[in-house]
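Reader: I would like a close look at one part of this protein. Please take me through the place where its two domains meet.

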Amino acid sequence: MNLGLDATYGAFIDNGFVEKSGATTFSAIAPATGAHLADIVHCDTADVDAAVAAATRAFPAWSATSAEERGRLLNRLADALESDLSRHATIDAHDTGRRLYETTFDQMVAIGQYRYFAGAILTFEGTSRPIPNGLFVTKNEPLGVCALVVPWNVPTIMAACKIAPALAAGNTVVIKPDENASLSTMELGKKIAAIFPPGVVNIVPGGGPTTGQALIHHPGVRKLSFTGSTEIGRIIAGAGAEALLPVTLELGGKSPAIVFPDIEDIDAVVDNAAFASMYCNGQSCLAGTRLFLHEAIYDDFIGRLKAQLSRVRIGGPFEEGVTLTCLISEKQGLRVAGYIDQAKREGAKLLHGGERIPVAGCNAGWFFEPTVFEATNTMRIAREEVFGPVLSVIRWNDYETMIAEANDSNYGLASGIYTSNLRNAVETANRLEAGSVWINQYFNLGNGTPFGGYKQSGLGREFSHETLRHYTQIKSIAVATKTPEPFFVG
Ligand code: NAD
């Protein structure tokens, strides 16, 4: 397929790509093959200034449009993405190394987000109440220019789940894609230019410590929204604290998936638990990477899990029948290899996999076997986010100890429960310290489901009606219906 990529992408500002001679660029590389896909300008402070200025100019007119009009344009963007779905999915598969099946699913999720917020904004209403002298009404007003900083794992979804609510609520945006996977966001700019007024969406590619820093500290910005590591989340929160800006953070996770001995279809649970930990090659903040497996079914479950993982095919992003592909970069590969070595040194028992493997035709890629360790909850492999296809299994038999261990984590993004007993399910859902609890199907997320973390997994909720609150501020307007009591007496 002709990817239709430009040779070089500059900043996207006021609906056009900026051409600048002498700009520093970096390469968009396909992690599987090492192929050079395009050059991307590393935006400097002047580019960020220009992008924020464009968004600031566009804000008064955009925020004055009706919710219906904003919704109509978001739906047009969804239509445009739908008609070019396979090209965008192919670009993401090249750029991230993930299999085409997954990046195709990403497009559908992203399109769903544009459509969801196009509709949700129509029912995002204020309140009204009688007060002693008259009544008040509230309005949900947009904040202004939103700075959006996103990661590389699911770039199309990341752009959508921030751009859609921000625009629906009447804000304008400047988004910085991740330097490992910027291409689909740069291509999104072309679609935006044909639909939205200039300056409503601006894109500044570049590095985190440079372009990202310039953006989050820009005095013209009124809101920060970030997805990525907890470490950088702290930096973003610090910038928000300094400038007193509202901040949305969607950070890391080390989510527990709990298997009770009463499950009915053990093979279905084995399959779903493997999916929970290894979808996206494990490069997902919501991955269920700590599997709490009950003693009574432990051996049977592990036997079936190993059998299933032995059948998993590993290959390039466009190969048929492949489940796992390569990681985003050498840096991520070395990180995963480091965690595997560390787990062995710490005494975790390797139950399956553990090796990097070569894949024909994809010599640059960091491909790993699906890897399973038997671990304890105190080991680093069970405490830190690996971001690779690595699952830690923890035995349990005492319910209270298991719940305490499941909650003994700095993170609290998601969790899973597998049981056929309703009381177990509800009691455990109530006790888990996590923003999402999925009962009998991990990662069961739809448009409108609030998604976000407890503890160090973040602040705020995305994907849902609630998200619109994070992109607006409330103005309360009181109307007096009688002349007030006089202030001056006598
Ligand atoms: P990261 O947090 O470093 O990067 C995410 C985004 O933040 C990128 O756009 C990056 O350019 C930007 N950024 C980095 N430093 C910045 C700074 N100082 N100021 C402003 N912006 C900055 O993530 P990473 O290095 O790509 O991955 C490291 C680890 O983070 C992964 O191994 C994984 O554990 C975690 N991660 C989590 C998610 C998630 O969805 N929650 C996504 C990617 C990575």
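Author: What follows describes the interface between the two domains, beginning with where each lies in the chain. The model is a predicted one. UniProt, in an unreviewed entry, places the feature "domain: Aldehyde dehydrogenase" at residues 17–477. Over that stretch the chain is 40% helix and 21% strand, and its end C-alpha atoms lie 42 Å apart. The domain assignment of the protein gives domain 1 as 8–251 + 459–476 and domain 2 as 256–439. Taken over C-alpha atoms, the centres of domain 1 and domain 2 are separated by 31 Å. Their contact involves 24 residues from domain 1 and 25 residues from domain 2.

About 1,900 Å² is buried between domain 1 and domain 2, and carbon and sulfur atoms give 62% of this area. On the side of domain 1, the residues that lose the most area to domain 2 are Ala32, Arg99 and Trp152; together they account for 30% of what that side buries.

As for polar links, nine residue pairs are in polar contact between domain 1 and domain 2, while the rule finds zero salt bridges across this interface. Two helices, H3 (85–96) and H4 (100–120), each supply at least two residues of the side of domain 1 that touches domain 2. H3 provides the largest share of that side, with five residues. By type, the residues on the side of domain 1 that touches domain 2 are eight nonpolar, nine polar and seven charged. Charged residues are thus present on that side of domain 1, yet the count of salt bridges between domain 1 and domain 2 is zero.

Definitions and conventions
Residues are numbered from 1 along each chain as its sequence is written. This is a predicted model: local features need pLDDT of at least 70, side-chain atom pairs count only at pLDDT 80 or more; totals for chains, interfaces and linings use all residues. Side-chain values use heavy atoms; hydrogens and water are left out. UniProt positions are given in the numbering used here, feature names are shortened, and annotations may be inferred rather than shown by experiment. Helices (H or I, at least four residues) and strands (E, at least two) are DSSP runs, numbered from the N terminus. Domain bounds come from an automatic or database domain assignment. Contact means heavy atoms within 4.5 Å. Buried area is the accessible area (1.4 Å probe) that two parts lose on being put together, summed over both. A salt bridge is a side-chain nitrogen of Lys or Arg within 4 Å of a carboxyl oxygen of Asp or Glu. A polar contact is a pair of N or O atoms within 3.5 Å; within protein, one must be able to donate a hydrogen and the other to accept it, and residues adjacent in sequence count only if both atoms are side-chain atoms. Ala, Val, Leu, Ile, Met, Phe, Trp, Tyr, Cys and Pro count as nonpolar, Asp, Glu, Lys and Arg as charged, and the others, Gly among them, as polar.
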